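Have a look at the model below, and keep the viewer open while you read. The notes go from the nucleic acid contacts to a helix pair and then to a couple of backbone oddities.

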Amino acid sequence: MLHVGGVRTALFNWLFARKNSGTFVLRIEDTDLERSTEESVEQLKRSLRWIGLEWDEGPEIGGPHSPYRQTERLDLYCEAAQKLLDSGAAYYDFATPEELAELREQARAEKRQPIYTSGEYRQMDPEEARGRIEAGEPYTVRFKTPRDGQTVVEDMIRGPVTFENANLEDFVLMKSSGTPTYNFAAVVDDALMEMSHVIRGDDHLSNTPRQILIYKALGYDLPAFAHVPQVLGPDKKKLSKRHGAASVEEFAAQGILPEALFNYLALLGAGYAADEEIFSPEELAERFRIKRVSGNPAVFDQQKLVSINQVYIRRKSLEELAMLAAPMLVESGAASAEELESDMPRLTKIMDLMKERIGRTTDIPDAVGYFYGGELEYDPEEFQKQFGKEFARENLPELAERLAALPEWTEEAIEEAIRGLAAEREKGARHLIHPLRFATTGRTVSAGLFETMQLLGRERSLLRVEKALREMEQLPA
RNA sequence: GGCCCCAUCGUCUAGAGGCCAAGGACAUCGCCCUCUCACGGCGAAAACCCGGGUUCGAACCCCGGUGGGGUCACCA
């Protein structure tokens, strides 16, 4: 599941790479064996591609620094760990998880910060450590974090951020399972893969001083860092499913177009000029300035996303919209595939009528469904409202006859028939239009009635009107 | 709680010391268009968190407070 915060970060990386003619690299960080599954990796790649973020280097594509999955790079991490062990920058630690938990508990009780700097193992003689390892004792490799001094992160969007080394513990490099921790693997990979820029979520800012320490201990040059803020829900809490949708899949399922999500996410906190908002990925890249990205977390606004989505729906050609609508109509049961295929031009015209009224593609079946099928079921309460009026009861049968007698079933002819009768009875045409709309579409809102009826076709329109008339007869006087 | 980041309309933002009695977009509310809805047009309401400095002058610089966020794992 690719969270919108994650996509936005990926998006910024992509924009930055495009803008600077760089390379956008995808690396799978799957060192957490329990959490990372084949399916989750596939889904991630699918989401990235759906929104239009193709990577230049990475899984499936390959590149000069293969492989791009951390679980396939284990040797590299072991090698680097050995280097740090040899130089004395790291040490073997035999503390058990239980002991560590207890230490933390103790620190908490004494209101101390739980900063682990194992005096016991930090100084242990390498020979002794080796002995215990050979004896089969589980161990981790920890970094020997300096006790004093400070580490400063030169962040591209925040400037220098200073951390006291004394606040950093001796963090784990290699877990007892033999796999590296995120902080360690990320550094080794970023260095080996020659990453020039690391643009990632805000939540990694506090990891960065540790990583910088590792870079230095390994003798690697530092990449440039940029930490982009999180995406929040309306309650200013981290955006999650309970805010409606939080992952790319969910937005897709809720009728959001990939280009709309792309555009919206790129705008969110990226510091673009505010005079215009609809941009193609290329335009976005052209204007992207990492230094202008806002340092403060942005609230995700579903309504604005939908409004941008609406713009992209309107920008689609009618043919594209028809292609989009067809499978949805089949799935909703509104129309059969054969029926649609036999007359795509008609669907195209229908989409022309409805495109201004659709905010999400998932609105399509409901907005368009009644253009297909025969007789309709009417909501009794609304039916009473529309057909219970005296004027309607007295004139609708006559109107139906005139419509049936129309030589040409065109928008103009239909309009003339309706307005003509209303004029003769000296009543506003709306007194006929509203019930007729309800009879022919089964709803109180639709596109213009005349064009709607023309597209509905004579046969279907009259069929529905006649049914409504029959039901009108049953209404109590 | 410690450490770190951040702070302009409800939301996203423009603003990089005088051009700002703060501009745009979404949302909201009017009006117009009109057969309903939508689109479109016009208009309204709506913000520089607070307090100190610096300066001739501060939304913009500095300090403090407050508020929000992040992070404190053998998760990434």
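In this predicted model, the side chain of Thr31 puts an N or O atom 2.8 Å from a phosphate oxygen of RNA strand B. Tyr182 also reaches a phosphate oxygen, but with a polar backbone atom, at 3.0 Å. Glu277 goes for another part of the strand: an N or O atom of its side chain sits 2.3 Å from a sugar or linking oxygen. Here are the three side by side:

| Residue | Protein atom | RNA strand B atom | Distance |
|---|---|---|---|
| Thr31 | side-chain N or O | phosphate oxygen | 2.8 Å |
| Tyr182 | polar backbone atom | phosphate oxygen | 3.0 Å |
| Glu277 | side-chain N or O | sugar or linking oxygen | 2.3 Å |

Zooming out, what share of the RNA strand B atoms within 4 Å of the protein belongs to sugar or phosphate? It's 72%, with the bases making up the rest.

On the protein side, 62 residues surround RNA strand B, and Glu277 turns up again among those that come nearest, along with Arg158, Gly269, Asn296 and Glu356. By class, the surface near the RNA splits into 22 charged, 21 polar and 19 nonpolar residues.

Several secondary structure elements each supply at least two residues of that surface. Among them are helices H4 (97-109), H20 (430-441) and H21 (449-456), plus strands E2 (140-143), E4 (159-164) and E9 (298-299). Helix H12 (302-315) is on the list too, and H12 gives the most, with four residues.

H12 also packs against another helix. Its axis and that of H10 (residues 258-267) come within 9 Å and cross at roughly 135°. Is that parallel, perpendicular or oblique? At that angle H10 counts as oblique to H12, and the crossing is right-handed. From H10, the residues involved are Glu259, Ala260, Leu261, Asn263, Tyr264 and Leu267; they meet Lys304, Leu305, Ile308, Asn309 and Tyr312 in H12. That contact has seven nonpolar, two polar and two charged residues.

Now for the backbone oddities, which are worth a look in loops. The peptide bond joining Ser66 and Pro67 is cis, with omega at about -5°. Pro67 lies in the loop between helix H2 (38-50) and helix H3 (74-87). Then there's Ser21, in the loop between helix H1 (4-19) and H2. Ser21 isn't a glycine, yet its phi is positive, at about 50°.

Conventions. Residues numbered from 1 in each chain as written. Chains lettered and ligands numbered in written order. Predicted model: local features only at pLDDT ≥ 70, side-chain atom pairs only at ≥ 80, totals over all residues. Heavy atoms only, no water. Near = heavy atom within 4 Å. Polar contact = N/O pair within 3.5 Å; in protein donor to acceptor, adjacent residues only side chain to side chain. Nonpolar A, V, L, I, M, F, W, Y, C, P; charged D, E, K, R; others polar. Axes fitted to C-alpha atoms, helices over the stretch in contact; angles between N-to-C directions. Parallel < 35°, antiparallel > 145°, perpendicular 65-115°, else oblique. Left-handed = near helix turned anticlockwise from the far one by under 90°. Contact = heavy atoms within 4.5 Å.
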